[in-house]
Amino acid sequence: RCGKISVSEMLRAWWRRWVVGRKLQGAIGYLTLDELAQLDEFSQQRLADLLSFATEIASESDIPAQVNVVERRANEPQNILSIDIGGTRTKFMVARQLPDAAGVAGGGVASSSSLGRGNDENMKLLPAICSSELWEERDTKTDGGPWQATDVYTFNTEAVAERIKRHLARHSIESTKLHRVIFSVPGTVELAGVYRDRLTVVKNMPSFSRKFRGLDFQKAFGSTFPKSKISALSDNMGAALGAACLRPDVKSGLVLVLGTAPAVATFFRDPSGKDKYIETGIWQSWVWFSKIPLHDPYGYCGGIKTDKETGRIVVKPPSAYKIPHRQARIRFALDNNTWKRFMGRNPHLDKSLQSPLEIKEATRVWASRLQSSLNKLAEKFHDIYGPPEVVYVLGGNATRCHGLVTQAKYETTDQSMAVTVPVIIPKEDRKQQIMHMSGLVYSTQFKVKQVFAPGQDPLARGWTRGGEICMWVKRKEFRNKNKVKSTQTTTTTATTATKGSMMGLTSIDNTATTNQQNKPTRAC
């Protein structure tokens, strides 16, 4: 078929498009503009979601021509390209994955201690590219004037695709030999096509660029990777899957990513022990609305407030501040602007409000805030899943706290139990990249069976969600068919088989963190 559809399929697709159109007309076609304006905000948002989902169904006739045909034999290794889009750098990793990799060794998943014990044949990190150079083009034409530099940018996906192709070619990687391409986005992904295994559209990437809103990676890069299945995943979801991938012995965990703004993700394995699924969650409301005490005189900038006229929660301008203050929301206590203020480089504040701190003092204050945040987030996790077995902290603003924050401590809501959870902060940026990229590769072994988006957008912006919970189920070719009867035999086999491998992949020049050598414990 090679991406083409027959005449009968085309007729059936057009018939279905017509039926959906008639249903839409019957549902909302007779609403006038005045009637639409009278709908409350919640109803307008639900209507927008309905239109988005119906449009996805109505356009299903285009799907066979858009989705690339992946030609791969049953037991042939998969060549996978992971592309992590960050606010500063866009990172690349190429990996080779075997179906049912590593046999009985944790279903093809190795422990973090196995990293760095192989060659670069199966897993290779490529040099990163500056995101502003890769994803944006400067438009130098002004209205009615000569060509000169301006701050207006255009987004040209064809140019981006060509740059990526050249970057891969420099490192002897042919785009036509890749089976899977996964993009990690610092934002949210549209869920309309999740049940047809089509996660390719960006819902929003607020920390990077609004031009990404609605971008379909399949349409933009399908011709660049003609033999690849293309998908997209939010970055903190990838981080949670990476933590689950590297620690198959851990049943549940929490991941905090400190980037432009802090983000929280969780993972929870099948409690039956049969490894039937992994549940991951993104919790926007935890960082936006959870407050922590500030044990320092430096307060916070930004914030949120309730608009008196509309009753909506809105974001304050970044120049707003409360210095000093006794408490702050996690979102504004640990964002990148706060660290810049500690260094005296926050562009939104007057210099008199941000006298530079010595790096030692700034790190101490940052670690204290991180400790309070982890205590609060671990308690939030406990209220839903029970005590987490481990907490990971990733991101560029996390490495400086390596060795300073080693545990999260909290009491349960009814104060009946005190819990201590180990905290792991990778010391090097490379180790963080390995974890995140491993999560992207690991996601190809699963498909999403259920999605639950609890709560509305925290700020009623319409392009994000209050939370997102996904249930990932193993694909048929990655299910472990060789069941061992003895738990002791499984443990011994896993220890032997997973040395030097990860999902059938091997990393390069990487060693496990000292903290990862400690078994997760819980003190009650």
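The following paragraphs lead from the whole chain to its two sheets, the helices packed on them and one buried residue.

This is a predicted model, in which local features need pLDDT of at least 70 and side-chain atom pairs count only at pLDDT 80 or more, while totals for chains, interfaces and linings use all residues. Residues are numbered from 1 along each chain as its sequence is written, and side-chain values use heavy atoms, with hydrogens and water left out.

The protein chain contains 14 helices and 23 strands. Helices (H or I, at least four residues) and strands (E, at least two) are DSSP runs, numbered from the N terminus. Of its 524 residues, 48% count as buried; buried means under 20% relative accessible area, exposed over 50%, and partly exposed in between (1.4 Å probe, protein chains only). Among contacts in the chain with a separation of 6 or more, 73% come from residues 24 or more positions apart, where contact means heavy atoms within 4.5 Å.

Strands of a sheet pair through backbone hydrogen bonds, either parallel or antiparallel. Here, two strands pair if DSSP finds at least two bridges between them. One open sheet is formed by eight strands in the order E20-E21-E19-E10-E11-E12-E23-E22, with mixed pairing. Strand E20 (407-411) and strand E22 (446-452) each have a single partner strand, so one side of each is left without a neighbour in the sheet. From one strand to the next, the twist averages 25°. For this and the other angles, axes are lines fitted to C-alpha atoms, for helices over the stretch in contact, and angles run from 0 to 180 degrees between N-to-C directions.

The mixed pairing can be followed strand by strand. Strand E10 (residues 252-258) runs parallel to strand E19 (residues 390-394), and five bridges join them; Val257 stands opposite Leu394 in E19. E10 and E11, by contrast, run antiparallel and are joined by seven bridges, with a hairpin of three residues linking the two strands. Within this pairing, Pro262 of E11 is the bridge partner of Leu258. E11 also runs antiparallel to E12, through five bridges, and Phe267 faces Thr280 in E12.

In a regular strand the side chains alternate between the two faces of the sheet. Along the edge strand E20, Ala408 and Tyr410 point to one face and are buried, whereas Gln407, Lys409 and Glu411 point to the other and are not. In E11, both faces are covered: Pro262, Val264, Thr266 and Phe268 are buried on one side, and Ala263, Ala265, Phe267 and Arg269 on the other.

Arg269 deserves a closer view. Arg269 lies in strand E11 (residues 262-269) and has a relative accessible area of 5%, so this residue is buried. The side chain of Arg269 reaches the backbone oxygen of Arg247 at 3.1 Å. This is a polar contact, that is, a pair of N or O atoms within 3.5 Å; within protein, one must be able to donate a hydrogen and the other to accept it, and residues adjacent in sequence count only if both atoms are side-chain atoms. Leaving aside residues up to four places away in sequence, Arg269 touches ten others listed here in part, including Ala244, Cys245, Asp275 and Tyr442.

A second open sheet consists of five strands in the order E3-E2-E1-E6-E9, again with mixed pairing. Its edge strands are strand E3 (123-130) and strand E9 (229-234), each of which pairs on one side only. Neighbouring strands of this sheet are turned by 20° against each other on average, direction ignored. Strand E1 (residues 78-85) and strand E2 (residues 89-97) pair in the antiparallel sense over eight bridges, and Ile83 stands opposite Phe92 in E2. Helix H8 packs on this sheet, touching strand E6 (180-185) and E9. H13 also packs on the sheet, where it touches E1, E2, E3, E6 and E9.

The eight-stranded sheet is met by both helices as well. Helix H13 (residues 429-443) lies across E11, E12, E19, E22 and E23, running at about 110° to E19.

The two helices also meet each other. H8 and H13 pack at an angle of about 90°, with their axes 7 Å apart. H8 is therefore roughly perpendicular to H13, since angles under 35 degrees count as roughly parallel, over 145 as roughly antiparallel, 65 to 115 as roughly perpendicular and the rest as oblique. Among the residues making the contact are Ala244 and Cys245 of H8 and Tyr442 of H13.
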